[in-house]
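Reader: Please take one part of this model and go through it closely, residue by residue where that is possible. Give the cut-offs as you go.

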Amino acid sequence: MAFEDLLEDPVIQKYLHELVGPKGMPVAAAPPDGEVTDEELAEELDLELNDVRRALFILYENDLASYRRLRDEDSGWLTYLWTFEYDNIPENLEEEMYRLHDALEDRQEYERNHEFYLCEICSIRFEFGEAMDFGFECPECGSPLESMDNDRLVNAMDERLEALEEELNIDNADA
């Protein structure tokens with residue numbers, strides 16, 4: 001898939017933005033064909049060199065960019081030539097979806113296996129043990145803590161997990 005096609009996808013744009021942030025997004029959104037130096041990118045995009053280097057390093061850490069080093073024979077300085085490798089984006093997104101799925105399963109189990117109490121004034125939530133330690137009174141305002149029903153949250157997690165499992169073709173026999 002060509003860079004241009006990938007970069008038109010809003011999911012991929014969001015993924016890149018989450019990785020490199022707003023200052024690094026111009027670097028991620030304008031991958032050149034072939035090799036480029038960080039200085040060339042900074043000049044071309046009118047960005048601070050440190051912002052460009054930070055974005056390149058993040059892309060490198062996520063297998064979306066690679067570099068090769070050249071040493072100037074006269075000065076001894078190293079030059080890094082960067083290449084963007086966005087072919088790895090679909091695989092990276094799939095890994096992120098699996099991580100999200102696992103984290104959501106863990107959170108759902110936590111929500112199901114704990115009893116919660118809420119201060120309706122401060123909107124602070126406490127586990128049963130914490131609420132008991134505070135005598136079922138909010139430590140911030142002294143209001144009584146009310147038993148909290150988290151069924152809507154657990155049900156929303158169920159729906160999200162089902163959607164992820166369908167997207168990832170996970171056969172969940174436990175459901």
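**The hairpin and its sheet**

Author: Six residues lie between the strands in the hairpin of β2 and β3, and glycine 76 there takes a positive phi near 85°. The model is predicted, so local features need pLDDT of at least 70, side-chain atom pairs count only at pLDDT 80 or more, and totals for chains, interfaces and linings use all residues. Residues are numbered from 1 along each chain as its sequence is written, and side-chain values use heavy atoms, without hydrogens and water.

A strand is a DSSP run of E with at least two residues, numbered from the N terminus. Two strands pair if DSSP finds at least two bridges between them. For β2 and β3 (residues 78-84), there are seven bridges, in the antiparallel sense. Two of the partnerships can be named: tyrosine 67 has tryptophan 82 of β3 as its bridge partner, and arginine 69 has tyrosine 80, also in β3.

The hairpin belongs to an open sheet of three strands. Read across the sheet, the order is β1-β3-β2, with antiparallel pairing. The edges are taken by β1 (36-37) and β2 (65-71). Each of these has a single partner strand, so one side of β1 and one side of β2 are left without a neighbour in the sheet. In the order across the sheet, β3 stands between β1 and β2.

Notes
Helix = DSSP H or I, 4+ residues; strand = E, 2+ residues; numbered from the N terminus.
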